[in-house]
Amino acid sequence: MENTPDVTKSTAKFLVDGMLGSIARKLRILGFDTIYDSESNDRQLLAMARETGRYLVTSDHELFISSKRLKVASILVTSRSEKSRLFEIFSKTKSTGIPKFPLASRCSVCNGELFESRMREDQMQIYTCKNCGKDFWHGSHWKKLTVLFSEVQKMLENPAEGVNRLDSVQ
Ligand SMILES: [Zn+2]
């Protein structure tokens with residue numbers, strides 16, 4: 001039996017390999033505890049995923065095969081666009097939805113938890129990382145992210161159509 005974490009709970013955790021840094025940042029923004037590791041070798045990644053109860057997220061087919069052999073929960077990401085990649089991840093974790101920002105969001109740089117620290121002059125809420133101190137707010141970048149996340153959500157609500165749309169729109 002594979003130890004499969006439940007992604008619908010906020011406790012779902014990921015270990016993302018060196019090829020997928022942008023995906024690691026998105027998972028953190030969505031509130032998932034996500035380690036991004038571009039240093040460790042395959043054996044170390046497999047051991048870390050197992051020891052920390054994380055989904056290993058990789059685009060490396062060989063690493064994916066090894067994870068299956070060792071019964072480490074893993075997700076092979078095969079598509080190119082971020083939207084399709086996120087859909088692949090959440091559909092393979094049997095999730096029907098992705099969490100809404102900013103309830104449990106994490107620092108996209110270091111994976112630290114965020115807290116509501118202060119307001120900007122324009123009354124926009126600033127969120128600060130408990131770990132590295134970096135500030136975040138819902139600027140223009142955030143608008144693009146909400147579009148991306150809502151598109152992924154639509155694909156998840158209709159998985160059959162979602163599969164057809166994989167990489168069809170870049
Ligand atoms: Zn941080």
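This report describes the strands, helices and selected contacts of a predicted model.

**The parallel sheet**

Four strands make up an open sheet with parallel pairing, and their order across it is 2-1-3-4. Strand 2 and strand 4 (74–76) are the edge strands, each of them pairing on one side only. From one strand to the next the twist averages 20 degrees. Strand 3 (residues 55–58) and strand 4 run parallel and are joined by three bridges. Within this pair, Val 57 has Ile 75 of strand 4 as its bridge partner.

Two helices lie across strands of this sheet. Helix 1 (residues 21–29) lies across strand 1 (13–17), strand 2 and strand 3, and its direction is at about 165 degrees to strand 2. Helix 3 (residues 61–69) lies across strand 1, strand 3 and strand 4, and runs at about 150 degrees to strand 4.

**Tyr 36**

Strand 2 (residues 33–37) contains Tyr 36. This residue is buried because 23 other C-beta atoms lie within 10 Å, where 20 or more are required. Leaving aside residues up to four places away in sequence, Tyr 36 touches Val 16, Gly 21 and Ala 24. Val 16 falls within the range of strand 1 (13–17), and Gly 21 and Ala 24 fall within that of helix 1 (residues 21–29). Val 109 is 73 residues from Tyr 36 along the chain, and the C-alpha atoms of the two are separated by 9.6 Å.

**The antiparallel strands**

Strands of a sheet pair through backbone hydrogen bonds, in either a parallel or an antiparallel arrangement. Strand 5 (residues 114–119) and strand 6 (residues 125–129) run antiparallel, with five bridges joining them. Strand 6 is also joined to strand 7 (residues 135–136), by two bridges, and this pair runs antiparallel. The two hairpins are set out below.

| Hairpin | Residues between strands | Turn residue with positive phi | Phi |
|---|---|---|---|
| Strand 5 and strand 6 | five residues | Gln 123 | about 70 degrees |
| Strand 6 and strand 7 | five residues | Gly 133 | near 85 degrees |

In the pairing of strand 5 with strand 6, Phe 115 has Thr 128 of strand 6 as its bridge partner. Toward strand 7, Tyr 127 stands opposite Phe 136.

**Helix 4 and helix 5**

The axes of helix 4 (residues 82–92) and helix 5 (residues 140–157) come within 9 Å and cross at roughly 45 degrees. Helix 4 is therefore oblique to helix 5, a class that includes angles from 35 up to 65 degrees. The crossing of helix 4 past helix 5 is right-handed. On the helix 4 side the contact is made by Glu 82, Lys 83, Leu 86, Phe 87, Phe 90 and Ser 91, and on the helix 5 side by Leu 148, Glu 151, Val 152, Met 155 and Leu 156. By type, the residues of this contact comprise seven nonpolar, one polar and three charged.

An α-helix has 3.6 residues a turn, so residues three or four places apart point the same way. Contact residues of helix 4 include Lys 83, Leu 86 and Phe 90, and those of helix 5 include Leu 148, Val 152 and Leu 156.

How many of the 11 residues of helix 4 are buried? Eight are, and the helix is mostly covered. The buried residues are Lys 83, Ser 84, Arg 85, Leu 86, Phe 87, Glu 88, Ile 89 and Phe 90. Among them, Lys 83, Leu 86, Phe 87 and Phe 90 also take part in the contact with helix 5.

Methods: Residues numbered from 1 in each chain as written. Predicted model: local features only at pLDDT ≥ 70, side-chain atom pairs only at ≥ 80, totals over all residues. Buried ≥ 20, exposed ≤ 12 C-beta atoms within 10 Å, placed from the backbone. Contact = placed C-beta atoms within 7 Å. Pairing = 2+ DSSP bridges. Axes fitted to C-alpha atoms, helices over the stretch in contact; angles between N-to-C directions. Parallel < 35°, antiparallel > 145°, perpendicular 65-115°, else oblique. Left-handed = near helix turned anticlockwise from the far one by under 90°. Nonpolar A, V, L, I, M, F, W, Y, C, P; charged D, E, K, R; others polar.
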